[in-house]
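Subject: Structure for you to look at

Hi,

Here is the structure I said I would pass on. Have a look around it first, then read my notes below.

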Amino acid sequence: MEANYFDALDHAAQRLAERRNFHPESHSGDFITFLRDAYGIREAQAPEDLGKGMIWRPDNNAKTLFLSGDARVETGCSG
């Protein structure tokens with residue numbers, strides 16, 4: 001198991017994907033759309049390095065989820 005793996009979070013994401021009928025080829029885009037529609041959260045490319053091993057950083061004030069340029073396809077979405 002990877003050190004950066006959260007079993008409960010992974011299972012919750014799988015349940016959300018099943019409930020919302022996310023398409024296997026577009027889970028990332030479907031999730032970004034869900035965050036936008038349900039919570040008004042947008043995603044953006046992080047303007048700076050987030051630090052070793054970090055792939056995302058929330059900005060609650062801006063209601064933005066910043067994604068690292070190093071994020072794997074499964075963890076990110078293009079704008």
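Below is what turned up, starting with how far to trust the model.

This is a predicted model, so keep an eye on the confidence values. The protein chain has a mean pLDDT of 81, with 81% of its residues at 70 or more. Going by element, strand β1 (residues 42–45) comes out highest at a mean of 91, and strand β2 (residues 56–59) lowest at 88. The stretch to be careful with is residues 75–79, where the pLDDT is below 50. That stretch does have eleven contacts in the model beyond near neighbours in sequence. Still, where pLDDT is low, the predicted coordinates should not be read in detail.

Next, have a look at helix α2. It has 13 residues and runs 17 Å from its first C-alpha to its last, close to the 18 Å expected at 1.5 Å a residue. Which of its residues are buried? They are S28, D30, I32, F34 and L35, and the buried residues of α2 pack against α1 (7–19), β1 and β3. Just after the helix comes G40, which has a positive phi, near 70°.

The helix also takes part in the aromatic pairs, and a search of the whole structure finds two of those. In one, the ring centres of F31 and F34 are 6.3 Å apart and the planes are at 25°, so this pair counts as stacked. Why are F31 and F34 about one helical turn apart? Because they sit three residues apart in helix α2 (residues 27–39). As a rule, an α-helix has 3.6 residues a turn, so residues three or four places apart point the same way. F31 is partly exposed at 35% relative accessible area, whereas F34 is buried at 14%. F34 also pairs with Y39, this time edge-to-face, with 5.9 Å between the centres and 80° between the planes. Y39 is partly exposed, at 49%. Put together, the ring pairs join F31, F34 and Y39 into a cluster.

While you are there, find R36 and D37. In general, side chains of opposite charge can pair when their charged atoms come close. Here R36 and D37 form a salt bridge, with their closest N and O atoms 3.0 Å apart, and the count of salt bridges comes to one. R36 is partly exposed at 48% relative accessibility, while D37 is exposed at 55%. That 55% is over the 50% cut-off, so D37 gets the label "exposed".

Now for the strands. β2 and β3 pair in the antiparallel sense over four bridges and form a hairpin with four residues between them. In that turn, K63 has a positive phi of about 50°.

A good residue to click on is L65, which lies in strand β3 (residues 64–67). Is L65 buried or exposed? With 15% relative accessibility, L65 counts as buried. P58 stands opposite L65. L65 and A44 are 21 residues apart in sequence, but their C-alphas are 6.4 Å apart in space. Leaving out residues up to four places away in sequence, L65 touches L35, I41, R42, E43, A44, W56, R57 and P58.

Have fun exploring!

Definitions and conventions. Residues numbered from 1 in each chain as written. Heavy atoms only, no water. Phe/Tyr/Trp six-rings, centres within 6.5 Å; stacked < 30°, edge-to-face > 60°. Helix = DSSP H or I, 4+ residues; strand = E, 2+ residues; numbered from the N terminus. Buried < 20%, exposed > 50% of the residue type's maximum accessible area, 1.4 Å probe, protein only. pLDDT = per-residue confidence, 0-100. Contact = heavy atoms within 4.5 Å. Pairing = 2+ DSSP bridges. Salt bridge = Lys/Arg side-chain N within 4 Å of Asp/Glu carboxyl O. Expected span 1.5 Å × (residues − 1).
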